[in-house]
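Student: I am new to this structure and would like a close look at a single part of it, the nonpolar core. Could you take me through that part with care, and then place it beside whatever else can be described around it?

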Amino acid sequence: MDPRFSQFSVKNSRLVLALLAAGAIGGAGVGLARTEAAHAAPAPTVTTATPVSVALPDFSSITRQYGPAVVNISVTGSADPADADERAAQRDDPFGNDPFFEFFRRFQQPGQGQRPGRAPREEAPLVRGQGSGFIVSADGTILTNAHVVKGAKEVTVKLTDRREYQAKVLGADPRTDVAVLKIDAKNLPVVKIGTPADLQAGEWVLAIGSPFGFENTVTAGVVSAKGRSLPSDSAVSFIQTDVAVNPGNSGGPLFNTRGEVVGINSQIYSRTGGYQGVSFAIPIDLAGRIQQQIVQHGKVEHARLGVAIQEVNQTLADSFKLDKPEGALVASVEKGGPAEKAGLQPGDVIRAIDGKTIVASGDLPAAIGLSAPGDTVKLDVWRKGSAQEIRARLGGAKDQAVAATTPDAAAQGRLGLALRALQPQERQAAGLADGGLVVEQVGGAAARAGVEAGDVLLAINGTPVSSTEQARAAVAKADKSVALLIQRGEEKIFVPVRLG
């Protein structure tokens with residue numbers, strides 16, 4: 001027995017005995033009080049708390065009813081020789097156990113029976129993999145992860161009644177990691193689709209899949225968090241759970257307690273490649289939109305706002321006079337893009353989209369991902385100390401919005417910048433029509449915040465500057481911090497500087 005558990009039990013046993021002696025729990029304490037006070041006074045009335053009964057969900061009924069709609073997926077394909085070399089290099093990497101290396105390790109199970117050693121450069125080695133999926137229509141439409149069928153030449157779907165079908169990949173979207181398969185069958189069992197928005201942290205959820213090839217394995221846990229934005233090129237706001245998922249669970253369904261699918265199990269956080277209590281699922285409403293586009297058009301087109309964004313920390317929140325550090329800070333606006341046409345400006349903080357609060361900057365691309373090109377969205381924007389509402393018509397996603405890297409907050413101190421106006425050739429090289437000041441020397445708070453000589457200062461707290469006098473005036477008006485809009489090369493970023 002774990003000594004910590006033993007110690008915990010002893011302490012709690014003493015606490016229960018103490019509470020019993022004090023008459024705080026149940027009838028035992030009441031009886032003791034009546035015995036001691038029998039000849040002195042009537043026994044006092046003691047109110048006992050009614051025990052709270054928590055009913056656990058019936059996982060067996062969910063599994064019995066919807067388990068037959070969960071399938072095992074086997075994939076055979078040819079790997080690109082360059083990818084094979086990369087995988088071999090990673091296996092030999094002494095830092096291969098680094099948790100950041102393992103963070104986005106996928107669930108796809110390596111194949112068996114491959115020849116040892118590296119294949120000749122001109123050959124494409126045979127790769128086998130396994131995953132999970134679930135049937136969403138009785139005529140054989142199946143949802144799974146895009147990475148499960150990546151590079152597949154042959155996809156085999158196995159049902160719970162042991163029937164097997166060759167599946168066609170109708171389409172796959174790497175950006176959301178959703179793929180749609182089709183098998184030639186009729187009257188198949190299907191899952192019931194739920195609403196991820198109704199999920200709450202702490203709510204029970206259930207996963208069914210084929211971890212390590214063990215088909216129709218059932219695991220359960222709770223929703224740990226919603227709206228997780230992960231540091232990848234994904235356009236997904238993930239559901240985080242502590243459900244045990246392992247290699248082979250990829251593409252399998254995540255059920256709520258009503259037997260409705262609310263997500264597709266997709267990623268895990270792991271230092272070993274196996275379950276460590278942190279799993280991520282793609283919300284089913286997003287997957288449904290991807291499915292609809294693939295079935296109708298054979299491809300997926302993502303919506304695009306056309307902004308580069310960064311996180312809002314406490315220093316930036318203070319600079320822009322925000323009540324709390326939330327939202328997506330617009331660092332730059334794509335020229336001629338949907339955001340510029342709508343009137344968005346660098347320094348705007350997008351706090352909500354269509355009424356949905358943007359807490360972390362990653363919430364914005366995830367929310368945009370639920371829209372289609374041509375849709376009009378309502379943006380709640382904070383600009384220069386006041387709230388505004390802007391409507392933007394989204395374009396097609398040629399490139400995703402780039403999340404700019406936010407430097408660390410600076411320590412207290414003076415701004416410490418020596419500035420000068422740009423020469424005509426410098427202005428042309430920087431692509432600036434007007435405004436901006438070159439940072440010639442940097443020290444104090446600005447240096448600690450990451451400002452470098454050669455940077456171009458474009459604005460302070462959202463106000464453009466084209467002279468040193470304007471810069472001094474803007475700093476003089478600031479309270480305890482300023483947000484400097486800096487251009488370095490072709491990139492623009494807000495640098496928060498704590499003035500003290």
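Tutor: Please keep in mind throughout that this is a predicted model. The largest nonpolar core has 24 residues, and those that touch the most other members are Phe 134, Leu 143, Phe 255, Ile 264, Ile 282 and Ile 284. Several elements each supply at least two residues of this core, namely helix 3 (59–66), strand 6 (178–182), strand 8 (204–209), strand 12 (260–268), strand 13 (279–283) and helix 6 (284–297). The largest share, five residues, comes from helix 6.

To see the core from one of its members, take Ile 264: leaving aside residues up to four places away in sequence, Ile 264 touches Phe 134, Leu 143, Thr 144, Asn 145, Gly 251, Gly 252, Phe 280, Ala 281, Ile 282, Ile 284 and Ala 287. Apart from this core lies another one, of 22 residues, which includes Leu 437, Val 439, Ala 449 and Ile 493.

From here we can turn to positions that come from a record. In an unreviewed entry, UniProt lists His 147, Asp 177, Gly 248, Asn 249 and Ser 250 under "binding site". Of these, Gly 248 is placed in the loop between strand 10 (238–241) and strand 11 (253–255), and Ser 250 is found in the loop between strand 10 and strand 11 as well. Because buried means under 20% relative accessible area, Gly 248 counts as buried at 0%, and Ser 250, also with a relative accessibility of 0%, is buried too.

Aromatic rings add another view, with a count of four aromatic pairs. In one of them, the rings of Phe 320 and Phe 494 have centres 5.6 Å apart and planes at 75 degrees, so this pair is edge-to-face. Phe 320 lies in the loop between helix 7 (314–319) and strand 16 (328–333), while Phe 494 lies in strand 27 (residues 491–498), and the pair therefore ties together parts that are 174 residues apart in sequence. Phe 320 is buried, its relative accessible area being 6%, and Phe 494 counts as buried at 0% relative accessibility.

A ring also takes part in a contact of another kind, for the charged end of Arg 351 sits over the ring of Trp 382, 5.4 Å from the centre of that ring.

Methods. Residues numbered from 1 in each chain as written. Predicted model: local features only at pLDDT ≥ 70, side-chain atom pairs only at ≥ 80, totals over all residues. Heavy atoms only, no water. UniProt positions renumbered as here; feature names shortened; annotations may be inferred. Helix = DSSP H or I, 4+ residues; strand = E, 2+ residues; numbered from the N terminus. Buried < 20%, exposed > 50% of the residue type's maximum accessible area, 1.4 Å probe, protein only. Core = buried A, V, L, I, M, F, W, Y, C linked by side-chain atoms within 4.5 Å. Contact = heavy atoms within 4.5 Å. Phe/Tyr/Trp six-rings, centres within 6.5 Å; stacked < 30°, edge-to-face > 60°. Lys NZ or Arg CZ within 6 Å of the ring centre and 35° of its normal.
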